[in-house]
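User: Hi! I'm new to reading protein models and would love a close look at one part of this one. Could you walk me through it slowly?

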Amino acid sequence: MFNSIQRQLMAWQAILLTLVVVALGAAFYLRVRRSTLEQVDADLVGAAQSLATSWSSVHSPHGLAVPDAFRHRMGRGPKETPYFLIWNDAGENVAAEGPLPPELENPGRPPEKKGPHPYHPQDRGENHEVILRDDAGVVVLVGRNLQRERDQLRRLLKWLAAAAAGTLALGLCGAWLLARRIARPLEQMTLAAEGISPATLAQRVDVPTNRNEIGRLAGVINGMLDRLQQAFERQQQFTSDASHELRTPVTVILAHTDDALAQDQSADEYREALAACRRAGLRMKSLIESLLMLARSDAGKLIAVDEVDLSPIVASAVEATAHAAGEAQVKVTTQLTSVMVRGDAARLEQVFVNLLSNAIVYNRPRGEVRVQLSSDHGEAIITVADTGIGIGDADLPHVFDRFYRVDASRSSPSASSGLGLAIGHEILRAHGGQIEVASQVGQGSTFTVRLPRLK
Ligand code: ADP
């Protein structure tokens, strides 16, 4: 029943308000009641003292009356008229006045002294009395009906109950409105979010106009949906690109095997068909390895972390590509210093091999590649600069995208997949590093890698 925020807020508000209102009302009522009774006591004691003094001075019941000052405060109604009785020091009743309660109409001995004080209060039915014993042994009892005060207190209690009920109702209405303002947009967001599926990933939840916490939450959910949609679209694009790339070598294999099966061929022709199938197989193998690496990178499992020196890693990449450089008549020069980083030597070498291979493949004959490794401001900086064909401004922002090739016709069809730089980018990102490129068409390109350096 209390599984909605609205109901929980209402329940809490009701409990808290009830506790506060009841506690405050009770404290107020008890305080008023106490001060009323204290005032009644004080008036009765004052009247009793005054009567005792009068008796002591005249020793006659004649002319004894509760003084006006007290009578006025005790009330004017006939019921509120005070009554009094006086006993002399011998214990004889010497005066009795006012609307005496029946049991006091024949007073005997004076009441016993109770408590340490010279006077003590007591209730008699609806009446309240004070009994005073003065130093000379004279006992005075003054009392009166408390109906008026009791009625007043009852009225106060009703008024307080009504005020408490009103406050409670008002508080609950406020809580209900507030809870609704919080819960309603949340409910709408929940419904909207529930309706979002891969097919409706472009839908967004409504953002309330005022930018309170709920507005911000809606903004955050929409931001998250934006990222999810992008990731989902990237994933779809990736799957379709990967299938497309894998289809080419499969088509080659099928074409060659179909040909070979269709008619008898010479041994050389079979050998040629098998060699073509092998090349297509190798291409598929390299593609599948690249795809696996990207999948591992997406799952955050790309690198093993060691403390490694970049200098031998870069040197090893240069050596691995030396043969290709020789064939393409490209001169590779290096300038390396020892810089320690935290990372995976094999993966880092893979990045530099790819950068060097590209710098060689997309170079011109008798071109140059300069490889530099240095450190600056806590970073290892590796640049691979070539004197090749360069990359146009429109293509530059995309060269790190998966399957992006600047111009398929200029790439070597067997080696190029458009995944090398994307994988390099992922490997460097997993190392906390980055890669950027500057290029001019016809002049050459410079790839710059930055990695956090170990102190
Ligand atoms: P590929 O396997 O096609 O080389 P990459 O991801 O390594 O894939 O490179 C993506 C594209 O960027 C390449 O197809 C190429 O057109 C372009 N490119 C990469 N490096 C260079 C370079 N040094 N000079 C000119 N173009 C380059």
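User: Let's start with R450: is it buried, partly exposed or exposed, and at what relative accessibility? After that, please show me what lies around it.

Analyst: Happy to! One thing to keep in mind is that this is a predicted model. R450 counts as partly exposed, at 22% relative accessibility. The cut-off for buried is under 20%, so R450, at 22%, falls in the partly exposed class.

Now look for its partner. R450 forms a salt bridge with E379, and the closest N and O atoms are 3.5 Å apart. R450 lies in strand β12 and E379 in strand β10, so this pair ties together parts of the chain that are 71 residues apart in sequence. E379 is also partly exposed, with a relative accessible area of 25%.

Next, follow strand β10, which covers residues 379–386, until you reach T383. T383 is buried, because its relative accessible area is 17% and buried means under 20%. Leaving out residues up to four places away in sequence, T383 touches R370, V371 and Q372, and also T446, F447 and T448.

F447 is a good stepping stone into the interior, since you meet it again around L355. Again setting aside residues up to four places away in sequence, L355 touches F447 and V449, along with V384, L421 and I435. L355 is one of the residues with the most contacts inside the largest nonpolar core, a list that also holds L310, L348, F352 and L451. That core has 44 residues in total. Helix α8, residues 345–361, gives the most to it, with 7 residues. There is a broader pattern to remember here: in soluble globular proteins, nonpolar side chains tend to be buried together. Apart from this core lies another one, of 21 residues, with L51, L64, V66 and F84 among them.

L421, one of the contacts of L355, leads us to helix α9. This helix spans residues 420–430, and its buried residues are L421, A422, I423, G424, E426, I427 and L428. They pack against helix α8 and strand β12, and also against α5 (267–298) and β11 (434–440). Strand β12 itself runs over 444–452, and R450, where we began, lies in it. Just after α9, G432 takes a positive phi of about 75°.

To put your salt bridge in context, a search of the whole structure finds 17 of them. Another one joins the side chains of R124 and E103, at 3.8 Å from N to O. This pair, too, links distant parts of the chain: R124 sits in strand β3 and E103 in the loop between β2 and β3, 21 residues apart. R124 counts as buried, at 19% relative accessibility, while E103 is partly exposed, with 48%. A third example is E272 with R279, whose closest N and O atoms are 3.9 Å apart. Here E272 is partly exposed, with a relative accessible area of 47%, and R279 counts as exposed, at 51%.

So, to retrace your path: begin at R450 and its salt bridge to E379, move along strand β10 to buried T383, and step through F447 to L355, a residue of the largest nonpolar core. Enjoy exploring!

Definitions and conventions:
Residues numbered from 1 in each chain as written. Predicted model: local features only at pLDDT ≥ 70, side-chain atom pairs only at ≥ 80, totals over all residues. Heavy atoms only, no water. Core = buried A, V, L, I, M, F, W, Y, C linked by side-chain atoms within 4.5 Å. Buried < 20%, exposed > 50% of the residue type's maximum accessible area, 1.4 Å probe, protein only. Helix = DSSP H or I, 4+ residues; strand = E, 2+ residues; numbered from the N terminus. Contact = heavy atoms within 4.5 Å. Salt bridge = Lys/Arg side-chain N within 4 Å of Asp/Glu carboxyl O.
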